[in-house]
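Reader: Please give me a close look at one part of this model. Choose a helix, show me what surrounds it, and keep it brisk.

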Amino acid sequence: MSAIHSPRSKDPGALRELIRDACAVDPCDMPIGPLDRASHETLLRIIPTALAVLYVAVQIEPSSERVLEWYLYTPIAELGYLTAEQLVSMGRASVVIEFLQSVSRGERDHLA
């Protein structure tokens, strides 16, 4: 299993790179669960938690710029008005992924 390292969270260039990676992820290599606060496991590798969240987000919103803006700046009302980036940095990526999956299933509104 190969590992990809996570960038510093507020580095937009590094986040753009992660979004590019998220857009290129093989659908068979979906995030399957957290390993620890900083990483998630897929079938083939270990990825940064931020990449796991971004991968799910780009399945809903194909615009990488909109995903980046959402991740960094959009407070999620249902999750305490924190941004995805804040939640990921607090070790709460799983709740963000669950939120995104419910949006994908049509149970909640779009990413706005």
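Author: Helices here are DSSP runs of H or I with at least four residues, strands are runs of E with at least two, and both are numbered from the N terminus. On that basis, the protein chain reads β-α-β-β-β-α-α-α-α along the sequence. That comes to five helices and four strands. The model is predicted.

Some totals set the scene. The protein chain has 112 residues, and 43% of them are buried. Its exposed surface is about 6200 Å². Carbon and sulfur atoms supply 52% of that surface. Take the contacts between residues at least 6 apart in sequence: 49% of them join residues at least 24 apart.

The part I choose is helix α2, residues 49-60. Start just before the helix, with a hairpin. Strand β3 covers residues 39-42 and strand β4 covers residues 45-48. The two strands pair in the antiparallel sense, over three bridges. Two residues sit between β3 and β4 in the hairpin. Within this pairing, His 40 stands opposite Ile 47 of β4.

Now the helix itself. Thr 49 belongs to α2. Is Thr 49 buried or exposed? The relative accessible area of Thr 49 is 3%, so this residue is buried. The cut-off for buried is under 20%. Set aside residues up to four places away in sequence, and Thr 49 touches Asp 36, Arg 37, Ala 38, Ser 39, His 40, Val 88 and Ala 93. His 40, the residue opposite Ile 47, is thus one of the contacts of Thr 49.

Next, the helix partners. Two packed helices are described by the angle between their axes and the distance between the axes.

Take α3 as a partner of α2. Their axes come within 10 Å and cross at roughly 130°. α2 and α3 are therefore oblique to each other. The crossing is right-handed. On the α2 side, the meeting residues are Ala 50, Val 53, Leu 54, Ala 57 and Val 58. On the α3 side, they are Val 67, Trp 70 and Tyr 71.

Then take α5, residues 93-104. Here the axes come within 9 Å of each other and cross at roughly 10°. Angles under 35 degrees count as roughly parallel, and α2 and α5 are therefore roughly parallel to each other. From α2, the contact uses Thr 49, Ala 52, Val 53, Val 56, Ala 57 and Ile 60. From α5, it uses Ala 93, Val 96, Ile 97, Leu 100, Gln 101, Val 103 and Ser 104. Val 53 and Ala 57 appear in the contact with α3 and also in the contact with α5.

Two residues further along complete the surroundings. Follow Tyr 71 out of α3 to Thr 83. Thr 83 lies in the loop between α3 (64-73) and α4 (84-89). At a relative accessible area of 7%, Thr 83 is buried. The C-alpha atoms of Thr 83 and Tyr 71 are 6.4 Å apart, with twelve residues of chain separation. Beyond its neighbours within four places, Thr 83 is in contact with Tyr 71, Leu 72, Tyr 73, Thr 74 and Pro 75.

Leu 87 is in helix α4. Its relative accessibility is 2%, so Leu 87 counts as buried. Leu 87 and Ala 50 are 37 residues apart in sequence and 10.0 Å apart, C-alpha to C-alpha. Outside the four-place window, the contacts of Leu 87 are Ile 76, Leu 79, Leu 82, Arg 92, Ala 93 and Val 96. Ala 93 and Val 96 also take part in the α5 contact with α2.

How values were computed
Residues are numbered from 1 along each chain as its sequence is written. This is a predicted model: local features need pLDDT of at least 70, side-chain atom pairs count only at pLDDT 80 or more; totals for chains, interfaces and linings use all residues. Side-chain values use heavy atoms; hydrogens and water are left out. Two strands pair if DSSP finds at least two bridges between them. Buried means under 20% relative accessible area, exposed over 50%, partly exposed in between (1.4 Å probe, protein chains only). Contact means heavy atoms within 4.5 Å. Accessible areas come from the Shrake-Rupley method with a 1.4 Å probe; for residues, only the protein chains shown count as cover. Axes are lines fitted to C-alpha atoms, for helices over the stretch in contact, and angles run from 0 to 180 degrees between N-to-C directions. Angles under 35 degrees count as roughly parallel, over 145 as roughly antiparallel, 65 to 115 as roughly perpendicular and the rest as oblique. A crossing is left-handed if the near helix is turned anticlockwise from the far one by less than a right angle, and right-handed if clockwise.
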